[in-house]
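Biologist: I have a structure here that I would like to go through with you. Could you take me through its core, its ligand site and a few unusual residues?

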Amino acid sequence: MKAAIYPGSFDPVTFGHLDVITRASQIFDELIVSVLNNTQKTPLFSVDERVNILKEATMHLPNVRIDSFSGLLIDYAKTQNIHVVIRGLRAITDFEFELQIAQTNRKLSNEEIDTIFLTTSLEFAYLSSSSVKEIASFKGDILPCVPAFVADLVYEKYGFKR
Ligand code: PNS
């Protein structure tokens with residue numbers, strides 16, 4: 001069985017992430033979407049909230065499992081017995097950062113873990129969780145960026161109602 005991990009912050013999940021999740025789930029038998037518990041960042045949503053949002057947003061995809069992890073991705077991948085990491089590439093600006101992480105993970109894992117990049121569909125290439133949060137904080141329209149139930153939860157965090 002071919003399985004892969006799609007790690008990320010997902011704070012919150014966007015249509016860009018969901019595009020990558022959908023396409024990766026068609027390539028692999030099982031896809032684990034795993035939320036990084038990053039103690040150095042102050043996220044809008046807790047890890048549990050992000051896991052629950054991802055579960056709801058992917059419940060139509062039977063081979064997608066939602067999880068969370070702390071520490072190094074390669075250590076987490078080992079616990080899951082998975083050797084493939086999925087990441088999305090939106091534009092050339094993502095490439096340098098992603099290349100560095102992919103090469104670090106390959107080196108740290110004694111070349112046991114490879115990263116496969118999916119290019120984000122063009123209609124979602126402009127999206128980022130950060131811009132979603134910034135737009136929502138000024139009461140802007142985030143419905144083109146995230147599912148409606150996610151938009152409601154984001155606005156709620158900023159004390160707005162859609
Ligand atoms: O959604 P993001 O914030 O761009 O995801 C970044 C992520 C989670 C893929 C990356 O920060 C990560 O894997 N962090 C775990 C720590 C780790 O393994 N670091 C070593 C590679 S530099």
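Modeller: Let us fix one term before β2 comes up: a residue is called buried when its relative accessible area is under 20%. Please also keep in mind that this is a predicted model.

Biologist: With that term in hand, how many residues of β2 are buried?

Modeller: In β2, 6 of the 7 residues are buried, so by that cut-off of under 20% the strand is mostly covered.

Biologist: And how do β1 and β2 run where the bridges join them?

Modeller: β1 and β2 run parallel, and 6 bridges join them. One of the pairings links Ile-5 with Ile-32, its bridge partner in β2.

Biologist: On to the largest nonpolar core. Which of its residues touch the most other members?

Modeller: The core has 35 residues, and those that touch the most other members are Tyr-6, Ile-21, Leu-31, Val-33, Leu-54, Ile-86 and Ile-142. Two or more residues each come from β1 (3–8), α1 (15–27), β2 (30–36), α2 (47–57), β3 (64–69), β4 (84–89), α5 (129–137) and α6 (148–157).

Biologist: Which element gives the largest share?

Modeller: That is α2, with 5 residues. As background, nonpolar side chains in soluble globular proteins tend to be buried together.

Biologist: What does Leu-31 touch, leaving out residues up to four places away in sequence?

Modeller: Its contacts are Ala-4, Ile-5, Tyr-6, Ile-21, Ala-24, Ser-25, Asn-63, Val-64, Arg-65 and Ile-86. Apart from the largest core there is another one of 11 residues, including Ile-32, Leu-73, Ala-77 and Val-85.

Biologist: Switching to the ligand, which residues surround it?

Modeller: The surrounding residues are Pro-7, Gly-8, Ser-9, Leu-36, Lys-41, Phe-69, Gly-71, Leu-72, Leu-73, Arg-87, Ile-101 and Asn-105.

Biologist: What are the distances from ligand oxygen atoms to Ser-9, Leu-73 and Arg-87?

Modeller: For Ser-9, an oxygen atom of the ligand is 2.6 Å from an N or O atom of the side chain. With Leu-73 the partner is a polar backbone atom, at 2.8 Å from a ligand oxygen. For Arg-87, an N or O atom of the side chain is 2.9 Å from an oxygen atom of the ligand. The ligand taken alone exposes 560 Å², of which the protein buries 73%.

Biologist: Now the backbone. Where is the cis peptide bond?

Modeller: The cis bond joins Asp-11 and Pro-12, with omega at about 5°. Pro-12 is found in the loop between β1 and α1.

Biologist: What is phi for Phe-10, and is that residue buried or exposed?

Modeller: Phi of Phe-10 is near 50°, a positive value in a residue other than glycine. Phe-10 also belongs to the loop between β1 and α1. Its relative accessible area is 3%, so Phe-10 is buried.

Biologist: And Asn-110, buried or exposed?

Modeller: Asn-110 is exposed, because its relative accessible area is 66%. Phi there is near 55°, again positive in a residue other than glycine. Asn-110 is found in the loop between α4 (92–108) and β5 (114–119).

Biologist: Last one: why does Asp-19 count as buried?

Modeller: Asp-19 counts as buried because its relative accessibility is 11%, under the 20% cut-off. This residue is in helix α1, and a polar contact of 2.9 Å joins its side chain to that of Arg-23. Leaving aside neighbours within four places in sequence, Asp-19 is in contact with Thr-120, Ser-121 and Phe-124.

Conventions
Residues numbered from 1 in each chain as written. Predicted model: local features only at pLDDT ≥ 70, side-chain atom pairs only at ≥ 80, totals over all residues. Heavy atoms only, no water. Core = buried A, V, L, I, M, F, W, Y, C linked by side-chain atoms within 4.5 Å. Buried < 20%, exposed > 50% of the residue type's maximum accessible area, 1.4 Å probe, protein only. Helix = DSSP H or I, 4+ residues; strand = E, 2+ residues; numbered from the N terminus. Contact = heavy atoms within 4.5 Å. Near = heavy atom within 4 Å. Polar contact = N/O pair within 3.5 Å; in protein donor to acceptor, adjacent residues only side chain to side chain. Areas by Shrake-Rupley, 256 points an atom, 1.4 Å probe, with all protein chains shown as cover. Pairing = 2+ DSSP bridges.
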